Amino acid sequence: MIIFIIKRNEKEELLKIKEVPFVISREKGDFTDVSLSENHLIVLGYNEKEVFLKANSKVVYNEKEIIGEFKLKEGESFKAGEIEFQLAKIEFVVSKEEILAKSQPTQFIDIEKTEVPYLKIISGSDAGKIIEIEKTGIIGRGEEADYKIDDQFVSRKQAKIYVFDDKYEIEDIGGKNPTLVNGKVITKITPLHSGDEILIGKTRILFVNPKEKPETEIYKSKGVPVYVYGILSLIFIIIIALGIWFFRVQQENRYNNLINSVSSTIPLVAQLELTESKVNALERAKNEILQAEKIKKNDQKINELKPIVEKHLSAWKDVQKAETEIKNENYLSALSYLENAIKILQEDRYVNSLYDKVLITTLIQQNYSEAKTLFEQGKVKEALDVLNLALSRVPDHPQLLELRNIILTSQRKKTTPKEIETKLATLKEIKPKVEKKEEKTKVEEQKTSLESKIKVEVPNISLIDLEKTIVPEISLEITLDETKNLINAYEKEHNLDKTIRIATSILQNDPNNVKAKYYLRLAQKEKQAIAYERQGKKQEAIAIWEEILKLDPGNSWAKQALSRLGK
């Protein structure tokens, strides 16, 4: 089986080729697309290392336009029309079905409907063949024979059949071997009647004249020897046994193809860029598992693959839901879906990066709301502490800066509660400055890396209209002390175990507490980076420290670590 990843119409699909030759064409082919020419490309065959193709119209391979035969190895790609074909995997399996398919059944004439006399070959190399007798002619092996018999023991000109009116006769015309009719050697012209048996060489022939006696009547009149029933019974048993064997072979091959397809899909999912493509590929794998289960229940391979496919499918569906929630600016809901996905997709860069972006955005929302609430309650110092902590992560955020300016101004001047209320009302009308970015073409989007793809697929969530976003209610009285302890544990004491312990405790009582989730993730990532350093895994440690800086741009411990590691 050959597996391609194809990219067309901004989507990716898996193309699985189980039989060759395989025609890629505009309308008439095994795979069609309007951007192709008719009979554009043919997949001729393959072995364990290469796929052999023939381009009848232009394809682009290795940045060159070619027409003719070429070879493709795993990982290589070419472009035909507007479609890019990347060879993902070659599974070299020759099934018994393919071998058996090469044997084609013999075609027979419908003898029940003909009125023309004919010769039916009963035994010999042409057994089953029907030869209609329409005129006087020669029976023999040679090219000049009117009625040709494929038998090396038959002379080029063995015998002659005479046709006149409704009468038929046969004459031996000097073959090396004699001609027999009904077991007797003929030495002169001999009449033929329906049901007569002719023997020439090693070929037995039945002469049938339907007008005189049809073939069915011939066998009735002759009767069937007892031993024939035994032979027929044996043949029938053999046919049934072969049928059962062929069916089992077919089912076994089908099962193996399904399992191989599922096994190859799981690693290929990581190569697909769009979440929708990943979900579609895993849906197909799940369906193939269900088909395999119908052939073999409780098989070890199925029991191993099924939970993996189901877990990954569920995880990527959660990512898909999270992307929808992000577009609708429902960040808390997106966060919940991403937390479920990360449990399975722990090593996936895109999912982790997306989770961190949503987490920091939601945290800034809550910091903003919390600071406003504290200021309205007259807790100025606490409000400034919250704002300063938020600004250490997004120093240019316009609404946070404006709120801090209002608070500081109110401290320098004597400001009445009514004036403060008026200024806060004005703050609601402030809109964040959104950085304008040039739109990318569809071709550029397909070529971008995973990191840049995150920016394309989800809204810009680093600067958002906080007032339009629904912010969860914050119970300051209940969580303020615990929150202070959490912040102190990380920001001042830098005690990672204590940070994790306090964050976990907060989340037990308040599972949606974003601040606890934020510091828990920071502490866990930092412990992971330190562990990598101790194990001598420098590059892995650098990658984690860089992730921490994206989550917390002012993190001094991450900066020191990167400097220490020479980054």
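## Hairpins near the start of the chain

Let's begin with strand E6 (residues 50-61) and strand E7 (residues 64-73), which pair in the antiparallel sense through 9 bridges. Where the hairpin turns, Tyr-61 faces Lys-64 in E7. There are 2 residues between these strands, and Asn-62 adopts a positive phi near 55 degrees in this hairpin. Please keep in mind that everything described here comes from a predicted model.

Another hairpin is built from strand E1 (residues 2-8) and strand E2 (residues 11-17), an antiparallel pair joined by 7 bridges. Ile-2 has Ile-17 of E2 as its bridge partner. The turn again leaves 2 residues between E1 and E2, and Asn-9 in that turn has a positive phi of about 50 degrees.

## From E1 to E9 and E8

E1 also pairs with strand E9 (residues 83-90), in the antiparallel sense and over 6 bridges. Within this pairing, Ile-5 is matched with Gln-86 in E9.

E9 in turn is joined to strand E8 (residues 77-80) by 4 bridges, and these two strands run antiparallel. Ala-80 finds its bridge partner in Ile-83 of E9. E8 and E9 make a hairpin with 2 residues between them, and here Gly-81 is the turn residue with a positive phi, about 60 degrees.

## Backbone details worth a look

Two loop residues deserve attention if you are checking torsions. Most residues other than glycine have a negative phi, and most peptide bonds are trans. Against that background, the peptide bond from Val-20 to Pro-21 is cis, with omega near 0 degrees. Pro-21 sits in the loop that links E2 to strand E3 (22-25).

Asn-39 is not a glycine, yet its phi is positive, near 55 degrees. The loop that holds Asn-39 runs between strand E4 (31-32) and strand E5 (41-46).

## Two open sheets

One open sheet has 6 strands in the order E11-E10-E20-E19-E16-E17, with antiparallel pairing. At its edges stand strand E11 (130-132) and strand E17 (184-185), each of which pairs on one side only. E17 is paired with strand E16 (residues 179-181) in the antiparallel sense by 2 bridges, and Leu-180 has Val-185 in E17 as its bridge partner.

The other open sheet to look at has 5 strands, ordered E13-E12-E14-E15-E18, and its pairing is mixed. Strand E13 (147-148) and strand E18 (190-191) are the edge strands with a single partner each, so one side of each lacks a neighbour in the sheet. Further in, strand E14 (residues 159-164) and strand E15 (residues 167-172) run antiparallel and are joined by 6 bridges. Ile-161 is bridged to Ile-170 in E15.

## A salt bridge between distant parts of the sequence

Side chains of opposite charge can pair when their charged atoms come close. This structure contains 26 salt bridges. One of them brings together the side chains of Glu-215 and Lys-120, at 2.7 Å from N to O. Glu-215 belongs to helix H2 (residues 215-222) and Lys-120 to strand E10 (residues 118-123), so this pair ties together parts that lie 95 residues apart in sequence. E10 is also a member of the sheet with the order E11-E10-E20-E19-E16-E17.

## Helix packing

Helix H7 (residues 349-376) packs against helix H9 (residues 398-412) at an angle of about 15 degrees, and their axes are 11 Å apart. Because angles under 35 degrees count as roughly parallel, H7 is roughly parallel to H9. The crossing of H7 past H9 is left-handed. On the H7 side the contact involves Ile-364, Tyr-368, Ala-371, Lys-372 and Phe-375, which meet Gln-399, Leu-400, Leu-403, Ile-406, Ile-407 and Ser-410 in H9. By type, the residues in this contact are 8 nonpolar, 2 polar and 1 charged.

Helix H6 (residues 331-344) and helix H15 (residues 514-534) form another packed pair, at an angle of about 35 degrees and with their axes 13 Å apart. This crossing is left-handed. H6 contributes Leu-332, Leu-335, Glu-339 and Ile-342 to the contact, while H15 contributes Val-514, Lys-517 and Arg-521. Which residue types make up the contact of H6 with H15? They divide into 4 nonpolar, no polar and 3 charged.

Definitions and conventions
Residues are numbered from 1 along each chain as its sequence is written. This is a predicted model: local features need pLDDT of at least 70, side-chain atom pairs count only at pLDDT 80 or more; totals for chains, interfaces and linings use all residues. Side-chain values use heavy atoms; hydrogens and water are left out. Axes are lines fitted to C-alpha atoms, for helices over the stretch in contact, and angles run from 0 to 180 degrees between N-to-C directions. Angles under 35 degrees count as roughly parallel, over 145 as roughly antiparallel, 65 to 115 as roughly perpendicular and the rest as oblique. A crossing is left-handed if the near helix is turned anticlockwise from the far one by less than a right angle, and right-handed if clockwise. Contact means heavy atoms within 4.5 Å. Ala, Val, Leu, Ile, Met, Phe, Trp, Tyr, Cys and Pro count as nonpolar, Asp, Glu, Lys and Arg as charged, and the others, Gly among them, as polar. Two strands pair if DSSP finds at least two bridges between them. A salt bridge is a side-chain nitrogen of Lys or Arg within 4 Å of a carboxyl oxygen of Asp or Glu.
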